[in-house]
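Thanks for coming, everyone. Please have the viewer open, and follow along as I go.

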Amino acid sequence: GALAFTSYGAFWISYYVLAKFILPGVKPADVPIVVGVFLLGWTLFTFYMMITTLRINAALVIVFVLLEITFVLLTIGNFQSTENVIKIGGWVGVVVAAGAWYVSMAVVVNETFGKTLIPTGPLTK
C-alpha cells in the first residue's frame, strides 16, 4: 500500500513538474511524444503493480486493471494526439478514483473493526 500511495503521489508531482517546467521548453510537435513516453513509464509500473494485486483482493485487482487501462489509453492517446482517446482515458481514471476510495475505505474500516464490514472479494492464495 505504501509503495502504491507514494508512487502515484509522485506521479502527480512529477506530472506537474513536466507540465509546468519541462513542456514549455519542448517544441510543440514533440509534446505528444514527451508526454507519451512519460505515461508509458507509468503504464509499465502500473502493469507490474497490477500483477501483484492478484494476491490481495478482487476489489484492488479491479482498481489496478482499470488503472492500467487508463494509462494505456492516455499513453496511446498522447502518442497519437487523439483527444477522444485521452478523454476516454480520463473518464476511466475517474472510475479508478471511485474504486480506490472504496478500497481504501474498506481496508481502513475492516482493519479497524477486525472483521469484514465492507467486502473486497478475498482471493484464494
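I'll go through the helices, the core, and then a few polar details. One thing up front: this is a predicted model.

Let's start with the layout. Helix α1 covers residues 2-22. Then come α2 at 31-53, α3 at 58-79 and α4 at 83-113.

How long is α2, end to end? Its end C-alpha atoms are 33 Å apart. At 1.5 Å a residue, its 23 residues should span 33 Å, so the two values agree. Now the same check on α3. It has 22 residues, which should span 32 Å. The end C-alpha atoms are 31 Å apart, and that counts as agreement.

Next, the core. The largest nonpolar core holds 22 residues. Which residues have the most contacts inside it? They are Tyr 8, Leu 39, Trp 42, Phe 64 and Phe 71. And which helices supply this core? Each of α1, α2, α3 and α4 gives at least two residues. As general background, nonpolar side chains in soluble globular proteins tend to be buried together.

Pick out Tyr 8. Set aside residues up to four places away in sequence. Tyr 8 then touches Trp 42, Phe 45, Thr 46, Met 49, Phe 64, Leu 67 and Phe 71.

Now look at α2 itself. Its buried residues include Val 35, Phe 38, Leu 39, Trp 42, Phe 45, Met 49 and Met 50. Pro 32, Gly 36 and three threonines, Thr 43, Thr 46 and Thr 53, are buried there too. What covers them? The cover includes α1 and α3.

Stay with one of those threonines, Thr 46 in α2. Its relative accessible area is 0%, so Thr 46 is buried. What does its side chain reach? A polar atom of the Thr 46 side chain lies 2.7 Å from the backbone oxygen of Trp 42. Beyond its neighbours within four places in sequence, Thr 46 is in contact with Tyr 8, Phe 64, Leu 67, Glu 68 and Phe 71.

On to the aromatics. The count comes to 14 aromatic pairs. One of them is Phe 11 with Tyr 15. This pair is stacked, at 6.0 Å centre to centre, with 25° between the planes. Both residues sit in α1, four residues apart, about one turn of the helix. Are they buried or exposed? Phe 11 is at 6% relative accessibility, so it counts as buried. Tyr 15 is at 30%, so it counts as partly exposed.

Phe 11 and Tyr 15 also belong to an aromatic cluster. The other members are Tyr 8, Trp 12, Phe 38, Trp 42, Phe 45, Tyr 48, Phe 64 and Phe 71. Do highlight Tyr 8, Trp 42, Phe 64 and Phe 71. You heard those names in the core as well.

Now the charged side chains. How many salt bridges does a search of the whole structure find? Two. One joins Lys 27 and Asp 30, at 3.9 Å from N to O. Lys 27 is exposed, with a relative accessible area of 59%. Asp 30 is partly exposed, at 29%.

The other salt bridge joins Lys 87 and Glu 83, at 3.2 Å, N to O. Both lie in α4, four residues apart, about one turn of the helix. Lys 87 has 46% relative accessibility, so it counts as partly exposed. Glu 83 has 53%, so it counts as exposed.

Now the two ends of α3. What caps its N-terminal end? Asn 57 does, with a side-chain oxygen 3.2 Å from the backbone nitrogen of Ala 59. After α3 comes Ser 81, whose phi is positive, near 50°. Ser 81 is in the loop between α3 and α4. With a relative accessible area of 53%, Ser 81 is exposed.

Last stop, Asn 110 in α4. Its relative accessible area is 14%, so Asn 110 is buried. Its side chain reaches the backbone nitrogen of Leu 117 at 2.8 Å. Which residues does Asn 110 touch, not counting those up to four places away in sequence? They are Lys 115, Thr 116, Leu 117, Ile 118 and Thr 120.

That's my tour. Over to you.

Terms used. Residues are numbered from 1 along each chain as its sequence is written. This is a predicted model: local features need pLDDT of at least 70, side-chain atom pairs count only at pLDDT 80 or more; totals for chains, interfaces and linings use all residues. Side-chain values use heavy atoms; hydrogens and water are left out. Rings of Phe, Tyr and Trp (its six-membered ring) pair if their centres lie within 6.5 Å; planes under 30 degrees apart count as stacked, over 60 as edge-to-face and the rest as tilted. Buried means under 20% relative accessible area, exposed over 50%, partly exposed in between (1.4 Å probe, protein chains only). A nonpolar core is a set of buried Ala, Val, Leu, Ile, Met, Phe, Trp, Tyr and Cys residues joined through side-chain atoms within 4.5 Å. Contact means heavy atoms within 4.5 Å. The expected span of a helix is 1.5 Å times one less than its number of residues. A polar contact is a pair of N or O atoms within 3.5 Å; within protein, one must be able to donate a hydrogen and the other to accept it, and residues adjacent in sequence count only if both atoms are side-chain atoms. A salt bridge is a side-chain nitrogen of Lys or Arg within 4 Å of a carboxyl oxygen of Asp or Glu.
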